[in-house]
Structure formats: structure tokens, C-alpha cells
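I opened this notebook to keep a record of what I looked up in one chain, going from the annotated domain to the sheet, then to two aspartates and the helices further along. Each entry notes what I checked and what I found.

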Amino acid sequence: MIQPEKIIIADDHPLFRQALLGTLKAKLTYTTWVEAQTIEELELQLSKHNDSDLLLLDLNIPGAHGFNTLIHVRTHFPQIPVVIVSAYEDHDTIGKAMSYGAAGFVPKSTPVDDIYSAIVAVLSGNIWLPSSFEQKHIDNNGQDIAERVASLTQQQYRILMMFAQGMLNKQIAYDLNVSEATIKAHATAIFRKLDVRNRTQAVIAIAQLHLTEADFQAN
């Protein structure tokens with residue numbers, strides 16, 4: 001395998017990230033590694049490094065809101081394959097991740113050598129899944145919401161995530177350095193695309209894409 005030039009790793013657990021990088025850097029000696037600990041950092045790194053060969057994404061990274069980030073990345077950066085590296089390893093989560101466009105799913109309990117094998121497989125154009133996984137189909141309603149989220153522009157997606165955090169239009173406008181009227185216009189477009197009437201319904205809609213164990217905290 002020709003070594004990849006650049007890989008992004010998005011994970012907020014420094015001990016896991018450094019342990020993983022320590023092993024992978026020894027095997028992929030010519031690869032540049034780009035790190036992100038939050039969704040905001042990931043968005044910045046994706047914009048700066050949209051020529052990356054791979055994204056290793058933790059589903060539980062702060063601000064991720066379940067599968068929404070995976071869907072967003074696959075929609076706006078389709079040239080970058082995504083391998084999910086997650087503390088979740090139930091069949092439902094793995095099945096949904098693959099349905100939403102992941103090229104591989106690696107539980108964090110996987111030995112690091114196997115994580116390397118997963119990266120090699122995906123960079124070679126293959127799919128990598130845990131040997132214990134049996135494919136299950138996602139329900140049609142969840143797929144429909146995923147397609148609607150995928151239709152959002154990057155700015156609309158960013159605003160939707162701020163809605164999910166409970167931020168007011170005025171706060172969002174300040175953070176994004178635009179007028180409140182602009183936020184309201186984006187909100188109208190978001191509601192139309194998601195087929196909802198207000199921000200509460202929008203947040204409820206994307207909640208269908210959250211992880212199945214919402215109160216799970218990865219260590």
C-alpha cells in the first residue's frame with residue numbers, strides 16, 4: 001500500500017488519541033496527522049485539509065450530535081472516506097453508521113494492529129467492519145431524516161447544531177458575525193428542508209440520528 005499523505009483524527013480523548021497515533025505513526029511514517037478535539041476544530045481542519053486521504057471520527061466528539069456529523073462530512077467532503085472509531089459497538093450503531101456513509105467502523109476495544117488493518121483496507125477501497133457484525137438495515141424514517149440533513153448547506157448545518165445547543169438567534173448571529181435577520185432567513189430554509197415548523201421540531205427531528213445510548217459516556 002502506498003502510504004497516505006494526510007489523515008485527520010477527530011477524538012476528544014487525548015490518552016486514546018495519543019496511544020493510537022503512537023502506533024500508527026510508527027507504521028505510517030510518511031503520513032501527516034491532523035488532529036481535532038471538537039466539531040468546531042474538525043470543521044476548520046476539513047476546510048483547510050480537504051485533500052486528506054481519510055478521517056478517523058469518534059461519534060462522541062463534543063458537538064457531534066450522534067450521526068449528524070458523519071452525514072454532514074459525507075455530504076460536503078465526499079472525497080474523504082470516514083472510518084468511525086467509537087466506544088459504541090452495538091449492532092444498531094454500527095449498522096446506522098454504515099448506512100450513513102462510513103467506510104468502516106472500528107470499536108475502541110479493537111487492538112491497535114487491527115485498527116491499522118482497518119485503515120489499510122479502507123484506503124485500498126474496501127469496507128472494514130468488526131468480525132462479529134451482521135448487517136442490519138436502518139429504518140426508512142431514519143434514512144429520510146438523514147437525507148434531509150444532508151441537503152443542508154454547511155452554514156445551515158452549523159446553525160442547526162447551535163439550535164440543538166439551545167442558543168438564541170441573537171447569540172448565533174454574534175458567534176457567526178452576521179445579522180439576526182440572516183439567522184432567521186437560514187432558520188426558515190432549515191425548517192423547509194427538514195419539513196418542520198420551528199426549531200423545537202427541528203431538534204426533535206435530528207434527535208432520531210443520535211446514538212442509541214444517549215447517556216453513555218466513553219472513557
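The entries below follow the order in which I went through the model.

**Entry 1: the model and its annotated domain.** I note at the start that this is a predicted model. I looked up the domain annotation and found that UniProt, in an unreviewed entry, lists "domain: Response regulatory" for residues 6-123. I then checked that span in the coordinates: the C-alpha atoms at its two ends lie 12 Å apart, and the span is 46% helix and 19% strand.

**Entry 2: the sheet.** I traced the strands and found five of them in an open sheet, in the order 2-1-3-4-5, with parallel pairing. The edge strands are strand 2 (32-36) and strand 5, each of which pairs on one side only. From one strand to the next the twist averages 20 degrees.

**Entry 3: strand 1 and its partner.** I looked at strand 1 (residues 6-10) against strand 2 and found that the two pair in the parallel sense over five bridges. Within this pairing Ile 7 stands opposite Trp 33, and the bridge partner of Ile 8 is Val 34. I next asked myself which residues of strand 1 lie on each side, and whether they are buried or exposed. Lys 6, Ile 8 and Ala 10 are on one side and Ile 7 and Ile 9 on the other, and all of them are buried, which leaves both faces of strand 1 covered. This split fits the rule that side chains in a regular strand alternate between the two faces of the sheet. Since five of the five residues of strand 1 are buried, I wrote the strand down as largely enclosed by the rest of the structure.

**Entry 4: strand 5 at the edge.** I turned to strand 5 (residues 104-107), which runs parallel to strand 4 (residues 82-86) and is joined to that strand by four bridges. Ile 84 stands opposite Phe 105 here. Although strand 5 is an edge strand, both of its faces are covered: Gly 104 and Val 106 on one side, and Phe 105 and Pro 107 on the other, are all buried.

**Entry 5: a helix across the sheet.** I looked up what helix 5 (residues 112-123) lies across, and found strand 1, strand 3, strand 4 and strand 5, with the helix running at about 140 degrees to strand 3.

**Entry 6: Asp 58 and Asp 11.** I searched the record for a modified residue and found that UniProt, in an unreviewed entry, places "modified residue: 4-aspartylphosphate" at Asp 58. Asp 58 lies in the loop between strand 3 and helix 3 (68-76), and with a relative accessible area of 2%, under the 20% cut-off, it counts as buried. Not counting residues up to four places away in sequence, Asp 58 touches Ala 10, Asp 11, Asp 12, His 13, Val 85, Ser 86 and Lys 108.

Asp 11, one of those contacts, lies in the loop between strand 1 and helix 1, and is buried with a relative accessible area of 2%. Leaving aside neighbours within four places in sequence, the contacts of Asp 11 are Phe 16, Arg 17, Ala 36, Gln 37, Asp 58, Ile 61 and Lys 108. I noted that Lys 108 appears in the contact lists of both Asp 58 and Asp 11.

**Entry 7: helix 7 against helix 9.** I asked at what angle helix 7 (residues 154-164) and helix 9 (residues 180-194) pack. The angle is about 90 degrees, with the axes 10 Å apart, and the two helices are therefore roughly perpendicular to each other. On the helix 7 side the contact includes Ile 159, Leu 160 and Phe 163, and on the helix 9 side it includes Ile 183, Ala 187, Ile 190 and Leu 194. By class, I recorded nine nonpolar, three polar and one charged residues in this contact.

**Entry 8: two residues with positive phi.** I kept in mind that most residues other than glycine have a negative phi. Asn 177, which is not a glycine, has a positive phi of about 60 degrees; it is placed in the loop between helix 8 (169-176) and helix 9, and counts as exposed at 72% relative accessibility. Asp 195 also has a positive phi of about 60 degrees without being a glycine. Asp 195 lies in the loop between helix 9 and helix 10 (199-207), and at 56% relative accessibility counts as exposed.

Notes:
Residues numbered from 1 in each chain as written. Predicted model: local features only at pLDDT ≥ 70, side-chain atom pairs only at ≥ 80, totals over all residues. Heavy atoms only, no water. UniProt positions renumbered as here; feature names shortened; annotations may be inferred. Axes fitted to C-alpha atoms, helices over the stretch in contact; angles between N-to-C directions. Parallel < 35°, antiparallel > 145°, perpendicular 65-115°, else oblique. Contact = heavy atoms within 4.5 Å. Nonpolar A, V, L, I, M, F, W, Y, C, P; charged D, E, K, R; others polar. Buried < 20%, exposed > 50% of the residue type's maximum accessible area, 1.4 Å probe, protein only. Pairing = 2+ DSSP bridges.
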